[in-house]
Amino acid sequence: MGVTHITLMTANYLQAVQGKRTAVLEWNSHGDFERLGKLCTGQLRDVNCYRIQQVDYYPHADGGRLMECLNAGYQEILIDFGSIEKQVYVELTRCSAVWIVMSFSEWQMDAFWEIAGSKEDAGKKSWRFLTAFGSEESRREWNKRRNPKILRIPFSADAFTVTRELMEWEKTALMESSFSENVSQRNLLKGIKELKGQG
C-alpha cells in the first residue's frame, strides 16, 4: 500500500523542512528498517537505531522503545504499524494523529470499508485517509459523496528526496499540531500493561 514509503517521506519532510528532531519506529515484523539501515549506513551488524539524513530509525520497536523515544525528547515520533490488526488497532487509538493508507483497487476496497465505513472512526478528526494506488476517478467520486475524504499521495520515486511538490502536499496533509505532543505517558504505560496482561 505504500505505508513505509509515506512514513519515510513525512519523516524527511519534518526533519529537513520543519527542522524537527524526528524518530521513526517500525512497529511490525517486516524488517524493512533493518535492511534500509544497513544499506544506507554501511552497518554490518544489527543495531537498535540507524541515523539516515538526521532522522533516527528504530527497527523491531515496541511500547518500551516508544517510551525511550518520548523520554529522549524527539519533537516528532512516527510509527509504521504496517497492516491493521486487532492489537495494532488498539495502539492506533492512543496516537495523537493517525494516517490510514488504503487503495482504491477493487480487490482491496473491503478492508477499507471496515475502517472508513465506521462512524466511530470516520469521525475522529485526528485520523486522515490517504491513497497511493487505484482509480483516481473512484477517489473523486468517493470524496463527492462520502466521508471521510481521501487524500491522494503524490508520486515520489525516492522517499529521501524532499521536492517542492512534496513540501506543498505535506503542508496540506499534516495537522497543525505536532504528531507526538498529545501522547500521554500515563496512558501509554497503561496500554502497555494491558497488552502484557493479554499476552
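Trainee: How many salt bridges does the count come to in this chain?
Mentor: The model is a predicted one, and a pair enters the count when a side-chain nitrogen of Lys or Arg lies within 4 Å of a carboxyl oxygen of Asp or Glu. Side chains of opposite charge can pair when their charged atoms come close. By this rule the count comes to 11 salt bridges.

Trainee: In the salt bridge between aspartate 56 and arginine 51, is aspartate 56 buried or exposed?
Mentor: The closest N and O atoms of aspartate 56 and arginine 51 are 2.7 Å apart, and arginine 51, at 46% relative accessibility, counts as partly exposed. Buried means under 20% relative accessible area, and the value for aspartate 56 is 4%, so aspartate 56 is buried.

Trainee: Which helix holds both glutamate 136 and arginine 139?
Mentor: Glutamate 136 forms a salt bridge with arginine 139, with 2.6 Å between the closest N and O atoms. Glutamate 136 is partly exposed at a relative accessible area of 23%, whereas arginine 139 is buried at 12%. The two residues are 3 apart in sequence, about one turn of the helix, and both lie in helix H7.

Trainee: Which residues are linked with Glu136 and Arg139 in a network of salt bridges?
Mentor: The pair formed by glutamate 136 and arginine 139 does not stand alone, since a network of salt bridges includes both of them. The other members of that network are Arg140 and Arg152.

Trainee: Lysine 144 forms a salt bridge with glutamate 141; what is the relative accessible area of lysine 144?
Mentor: The closest N and O atoms of lysine 144 and glutamate 141 are 3.6 Å apart, and the two residues are separated by about one helical turn because they are 3 residues apart in helix H7. Glutamate 141 is partly exposed, with a relative accessible area of 30%. Lysine 144 is exposed, its relative accessible area being 64%.

Trainee: How are H1 and H8 oriented to each other?
Mentor: Two packed helices are described by the angle between their axes and the distance between the axes. The axes of helix H1, residues 3-16, and helix H8, residues 164-173, come within 11 Å and cross at roughly 95°. Angles of 65 to 115 degrees are classed together, and H1 and H8 are therefore roughly perpendicular.

Trainee: How many nonpolar residues does the contact of H1 with H8 have?
Mentor: From H1 come Ile6, Met9, Thr10 and Tyr13, which meet Leu166, Met167, Trp169, Glu170 and Lys171 in H8. Sorted by class, the contact has 1 polar and 2 charged residues, and the number of nonpolar residues is 6.

Trainee: Which element gives the most residues to the largest nonpolar core?
Mentor: This core has 22 residues, and those touching the most other members are Ile6, Leu8, Val24, Tyr57, Ile153 and Trp169. Two or more residues come from each of H1, helix H2 (32-41), strand E3 (55-58) and H8. With 6 residues, the element that gives the most is H1.

Trainee: Which residue of H1 meets H8 and is also touched by tryptophan 169?
Mentor: Leaving out residues up to four places away in sequence, tryptophan 169 touches Trp99, Leu130, Leu151, Arg152, Ile153 and Pro154, together with Ile6. Among the H1 residues that meet H8 is Ile6.

Trainee: What share of the chain's residues count as buried?
Mentor: The chain has 9 helices and 7 strands, and among contacts between residues at least 6 apart in sequence, 70% join residues at least 24 apart. Of its 199 residues, the share that count as buried is 44%.

Methods: Residues are numbered from 1 along each chain as its sequence is written. This is a predicted model: local features need pLDDT of at least 70, side-chain atom pairs count only at pLDDT 80 or more; totals for chains, interfaces and linings use all residues. Side-chain values use heavy atoms; hydrogens and water are left out. Axes are lines fitted to C-alpha atoms, for helices over the stretch in contact, and angles run from 0 to 180 degrees between N-to-C directions. Helices (H or I, at least four residues) and strands (E, at least two) are DSSP runs, numbered from the N terminus. Angles under 35 degrees count as roughly parallel, over 145 as roughly antiparallel, 65 to 115 as roughly perpendicular and the rest as oblique. Contact means heavy atoms within 4.5 Å. Ala, Val, Leu, Ile, Met, Phe, Trp, Tyr, Cys and Pro count as nonpolar, Asp, Glu, Lys and Arg as charged, and the others, Gly among them, as polar. Buried means under 20% relative accessible area, exposed over 50%, partly exposed in between (1.4 Å probe, protein chains only). A nonpolar core is a set of buried Ala, Val, Leu, Ile, Met, Phe, Trp, Tyr and Cys residues joined through side-chain atoms within 4.5 Å.
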